[in-house]
Amino acid sequence: MVVSKDLADKLSMLDKVGPRQYMVQSLISSYKLMNKFMILPLVKASVEDLLMFHSSDYVKFLTDPTGDDEELYGLGYDCPLHPSLLSWCLTTAGGSLTAASCLVGGQARVVVNWGGGWHHAQRGGAAGFCYVNDVVLAVHRLQERFRRILYIDLDVHHGDGVENAFSATDKVVTFSIHKYEPGYFPGTGDLADTGTGRGRHHSINIPLQEGVTDQMYRHVFCSLFPSIITSFMPDCIVLQCGADCLAGDPMGGFNLTPASISACVDDVLAQDVPVLLLGGGGYNLPNTAKLWTLLTARVAGMELDTDIPDCDHFFTEYGPDFQLGMSRGCVRNRNVEEEVDRLIRVARENIVMIKSTNK
């Protein structure tokens with residue numbers, strides 16, 4: 001597990017994230033899960049590391065940001081300029097690169113970095129709170145050892161930056177289940193977006209409307225995940241666990257509880273391949289800390305007491321019930337079962353084609 005106060009400090013500079021990483025690490029520690037993991041000190045990325053994906057113009061801008069080019073590179077409302085921007089980016093990228101290097105070196109089979117998962121950053125600029133795409137950089141690092149990599153995105157928002165980075169290769173499959181409605185960020189991830197060139201059929205998108213339930217979400221995942229494994233036969237899996245898919249997230253819209261996400265993570269961990277677990281979105285901070293702590297326990301094979309430990313530094317944030325569990329949402333489910341089944345059927349037809357291009 002990557003643990004870094006510097007990374008938590010840097011992420012706290014994001015208005016929507018605030019003390020989230022402190023809360024996550026505190027709750028994991030309060031449940032005494034830290035001693036179940038090898039702690040990986042974060043190694044900051046280098047400028048050369050960023051250039052593995054990001055354009056030289058954008059990286060040059062990060063080294064000396066000026067207000068004149070701010071909008072050109074996607075900085076502004078949701079990605080504001082702030083002091084020491086390059087150091088911020090090198091630290092954020094460094095967390096997931098450190099985790100990936102651990103898998104490449106064979107030091108562990110499962111590595112966790114809850115400070116990663118910034119999946120919206122594009123090659124030439126920032127987007128959606130994401131200044132650098134640590135996921136793409138981590139996948140590139142993993143490719144030093146692993147030939148076929150499966151990227152799964154459980155965030156409520158489409159993993160557009162990651163899909164765009166690998167849409168033309170047959171060495172990476174991206175699988176994203178996300179909310180897709182007019183005006184909802186980032187506005188990509190349609191069912192018909194399946195990749196280009198050699199990467200055709202290697203992008204799998206399940207666009208859903210608001211109100212998705214645990215049962216429906218699991219139906220989608222369980223209907224497709226085994227087929228992806230059979231067709232693609234990944235050597236490594238990267239799993240982005242954005243907690244904004246949970247009920248009650250101010251930027252979400254699904255009705256999910258940790259039960260469905262935990263079950264998906266269990267399915268991934270059951271595969272006999274190395275796994276990199278990343279964070280992502282999550283703007284209801286107590287719920288995000290709960291989910292990632294529960295998932296950490298899943299990796300460690302531990303069951304947790306449902307009462308939040310009263311020794312936790314942020315204990316009062318978990319009121320009024322101070323329970324680890326959470327209730328499902330009550331947003332009207334706008335997804336019709338017949339339409340969801342159609343999405344699954346079309347996606348399966350796409351997944352079958354992976355096998356024919358991956359011999």
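**Group meeting: strand 8 and its surroundings**

Okay, let's start in the sheet: strand 7, residues 236-240, runs parallel to strand 8, and the two pair over 4 bridges. Keep in mind that this is a predicted model.

Which residue of strand 8 is the bridge partner of Leu239? That's Leu277. And how does the chain get from strand 7 to strand 8? Helix 9, residues 258-269, makes a β-α-β unit with those two strands, and the unit is right-handed.

Now the other pairing I want to show you. Strand 3, which covers residues 110-113, also pairs with strand 8 in the parallel sense, again with 4 bridges. Here Val112 has Leu277 as its bridge partner in strand 8. So if you click on Leu277, you can pick up both partners: Leu239 in strand 7 and Val112 in strand 3.

What about the side chains of strand 8, buried or exposed? Strand 8 is residues 275-278, and both of its faces are covered. Side chains in a regular strand point alternately to one face of the sheet and the other. In our case Val275 and Leu277 sit on one side, Leu276 and Leu278 sit on the other, and all four are buried.

Let me zoom out. The protein has 11 helices and 8 strands. Its C-alpha trace spans about 50 × 45 × 40 Å along the principal axes. The radius of gyration is 19 Å, and that agrees with the value near 21 Å you'd have for a compact globule of 359 residues. Of those 359 residues, 58% count as buried.

For the contact-map people: take contacts between residues at least 6 apart in sequence, and 79% of them join residues at least 24 apart. On the surface side, about 14400 Å² is exposed, with carbon and sulfur atoms supplying 51% of that.

One last stop, Met13. You'll find Met13 in the loop between helix 1 (5-11) and helix 2 (20-30). Its relative accessible area is 41%, so Met13 is partly exposed, since that class lies between the 20% and 50% cut-offs. What does Met13 touch, leaving aside its neighbours within four places in sequence? The contacts are His82, Pro83 and Trp88. Asp78 is 65 residues from Met13 along the chain, and their C-alpha atoms are separated by 12 Å.

That's my tour.

Key. Residues numbered from 1 in each chain as written. Predicted model: local features only at pLDDT ≥ 70, side-chain atom pairs only at ≥ 80, totals over all residues. Heavy atoms only, no water. Buried < 20%, exposed > 50% of the residue type's maximum accessible area, 1.4 Å probe, protein only. Pairing = 2+ DSSP bridges. Right-handed = clockwise from strand over helix to strand, strands pointing away. Rg over C-alpha atoms; globule rule 2.2 N^0.38 Å. Contact = heavy atoms within 4.5 Å. Areas by Shrake-Rupley, 256 points an atom, 1.4 Å probe, with all protein chains shown as cover.
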